[in-house]
Amino acid sequence: MTDFLPSWVQGEWWTPSAGGDGSEVRDASTGEIITRVSTEGLDLAAALEYARTTGHASLAELTFHQRALLLKQFALALTERKDELYALSARTGATRTDSWVDIDGGIGVLFSYSGKGRRELPNSRVHVDGPVEPLSKDGSFLGRHVYTTLPGVAVQINAFNFPVWGSLEKLAPAFLAGMPTLVKPATPTGYLAEAMVRILVESGLLPDGSLQLVSGSVPTLFDHLRLGDLVGFTGSASTAEKLRRHPSVQTGGVRFTAETDSINASVLGTDAVAGTPEFDAYVRQLVVEMTTKAGQKCTAIRRAIVPAGTADAVVAAVQQRIAEKTVLGDPRAEGVTMGPLASTAQRDEVLRQVQKLQDAGGQVVVGSTDAPSVRRADGTTGDAPDGAFVAPMLLRFDDAATEAVHDVEAFGPVSSLLTYSTTVEAAELVARGGGSLVTSIATHDPAQAVELATRIAPFNGRMLLLDRDDARSSTGHGSPLPGLVHGGPGRAGGGEELGGIRAVLHHMQRTAVQGSPEMLTALTGVWHAGATANADGRHPFRKSLAELRVGDQVASAAREVTLDDIETFAHFTGDTFYAHMDEESAAANPFFPGRVAHGYLLVSWAAGLFVDPEPGPVLANYGLENLRFITPVSPGDSIRVQLTAKQITPRETDEYGEVRWDAVIRNQNDDIVATYDVLTLVRKEPVAA
């Protein structure tokens with residue numbers, strides 16, 4: 001009797017009691033039974049509550065940067081044992097290249113979010129969004145938007161095609177946001193997701209309750225969800241629609257995001273005729289999308305939209321490239337470049353959808369629906385009745401307006417060829433898909449690219465502009481990237497599983513906060529003008545991060561600006577702009593009373609006014625941000641500067657951190673001359689005497 005695939009819930013491995021049947025999971029190439037899957041007897045409500053309590057408490061102790069560093073450690077732990085994952089991945093029908101996309105791609109997501117979290121988020125638990133909104137004339141009442149972690153559990157329902165990457169692309173932003181995750185992988189490939197979770201569990205790195213795994217069906221899961229929980233779903237549009245109608249989502253406040261099947265398109269420009277680099281890149285990309293993961297990609301090209309006069313050449317080129325580059329068979333056999341579908345059930349479903357396309361007028365011009373001859377694991381060639389093999393197929397439609405081709409998806413190595421006469425018609429065909437994850441455009445004509453892109457952008461989550469200049473460096477039509485949105489409107493589900501910090505913030509609540517500068521400083525960890533400042537007589541630049549506090553401040557003496565200063569700076573730098581050198585012309589300018597000091601002269605002087613020159617905790621000034629010049633300074637005016645520690649961000653892995661200083665330059669009338677942020681790197685600990 002084959003063992004059941006375990007679940008990881010409430011801090012321990014759980015399997016169903018003996019005697020149950022469960023669902024059999026088979027090797028995609030040979031049909032051999034690998035495991036059985038069942039959740040009979042599993043207490044889903046208890047698992048969810050464990051995440052909301054134990055998991056939430058564990059993650060709440062960590063800052064964004066600490067969570068980000070753990071993501072990197074997760075990635076390293078998986079990298080050390082990825083050969084185990086590759087061996088299992090072959091059983092799902094994935095070739096070595098397919099497995100690289102799934103396994104190394106998933107690990108890459110962890111590395112990417114680890115880096116983005118430490119670069120783009122504060123080393124705290126609250127994220128400030130946007131500028132301060134002044135709500136009173138005297139500055140005593142302010143508004144600010146903040147993001148805080150949702151109090152529930154992120155339930156992640158994944159598809160069968162990417163058991164590792166699909167899990168990690170959802171886990172990474174949820175974990176970084178501080179939200180515990182419950183992963184529900186698809187049954188046909190769930191054993192690979194289980195192996196990935198097992199490696200993380202055995203690493204000892206997971207905070208308690210931060211990650212749970214349910215291997216098997218979850219028919220009552222939504223009944224136990226509540227406000228503060230979130231569901232991230234990847235799968236069919238029809239299933240997503242059913243889940244959206246559940247009362248927990250409709251009226252219970254559960255957030256629901258979906259990334260679903262979409263009828264993605266790739267448009268060949270009218271200039272990209274046979275023999276051009278764009279034509280070759282288009283054909284190469286089309287075949288890659290048909291054969292990678294055996295076409296089981298939500299981002300695969302389902303509609304190849306080409307100029308009518310180029311269609312025959314495209315068909316011939318696709319036929320030739322498949323014949324030369326594609327070897328169908330068991331991924332464990334030498335030389336195989338395309339494996340089977342994930343299961344025989346999936347094979348049968350793909351063939352049913354192909355039949356629908358044929359019934360609607362599609363003619364198979366490349367490939368066949370017949371059972372293909374394949375290369376077996378022992379190197380022999382022949383049929384494989386127990387394997388889930390389907391040959392790559394290209395169907396051609398004489399009528400590009402045929403409804404089925406824009407609605408029916410054969411989720412396998414299948415694409416349909418449509419023709420167009422004008423770019424407007426091509427854009428209309430793209431839009432008929434009802435919303436897609438991605439559309440690519442192959443052209444070297446910027447005008448054509450712009451016209452197509454502006455027309456189709458509202459119907460796509462992502463667009464790829466492919467030409468001879470980026471063909472080699474392009475990551476490809478079907479490759480979502482952690483820093484860019486992975487989702488799409490309409491049929492594509494409307495979600496954003498990836499998308500950099502956007503995806504992290506999806507797991508948090510954006511709240512408008514109104515209050516005094518003192519209260520907003522306490523809540524956000526960012527000093528607000530009007531809050532308590534500490535000018536204790538010790539220059540803040542003499543303080544390490546261990547000693548420095550938000551609000552520590554230094555105010556400089558004044559310095560007079562002379563006409564000689566302005567002219568010296570102008571000739572020394574070469575900036576002889578008329579506003580600084582020509583009294584009559586400057587006075588004619590509506591912004592200046594006459595000749596004025598250079599803004600950069602004032603900023604340079606301000607540095608001289610607030611700097612403490614001796615060696616100490618401050619290691620470097622590495623930039624200015626948000627610089628604004630507000631009031632011009634004339635000869636005879638004087639300036640002074642006030643510098644306040646605004647935000648302190650220790651670096652988890654370094655002996656120093658970042659300090660953001662609020663800098664305000666004022667003139668002799670107390671008018672604000674300039675405002676900006678100064679960024680410095682400062683030691684964590686005092687320098688030894």
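**View 1. The open sheet of seven strands in this predicted model.** The strands follow the order β14-β17-β18-β13-β12-β19-β20 with mixed pairing, where a strand is a DSSP run of E with at least two residues, a helix is a run of H or I with at least four, both are numbered from the N terminus, and two strands pair if DSSP finds at least two bridges between them. Because β14 (363–366) and β20 (460–466) each have a single partner strand, they stand at the edges, and one side of each is left without a neighbour in the sheet. Residues are numbered from 1 along each chain as its sequence is written. Local features need pLDDT of at least 70 and side-chain atom pairs count only at pLDDT 80 or more, while totals for chains, interfaces and linings use all residues, and side-chain values use heavy atoms, without hydrogens and water.

**View 2. Strands β12 and β13 side by side.** Three bridges join β12 (residues 265–268) to β13 (residues 303–307), and the two strands run parallel; here A265 stands opposite R303.

**View 3. Helix α12 on the sheet.** Helix α12 (residues 423–431) lies across β12, β13, β18, β19 (436–442) and β20, and runs at about 150° to β18, an angle taken from 0 to 180 degrees between N-to-C directions of axes fitted to C-alpha atoms, for helices over the stretch in contact (heavy atoms within 4.5 Å).

**View 4. The largest nonpolar core.** Such a core is a set of buried (under 20% relative accessible area, 1.4 Å probe, protein chains only) Ala, Val, Leu, Ile, Met, Phe, Trp, Tyr and Cys residues joined through side-chain atoms within 4.5 Å. Of its 45 residues, L78 and Y113 touch the most other members.

Technical notes. Buried means under 20% relative accessible area, exposed over 50%, partly exposed in between (1.4 Å probe, protein chains only).
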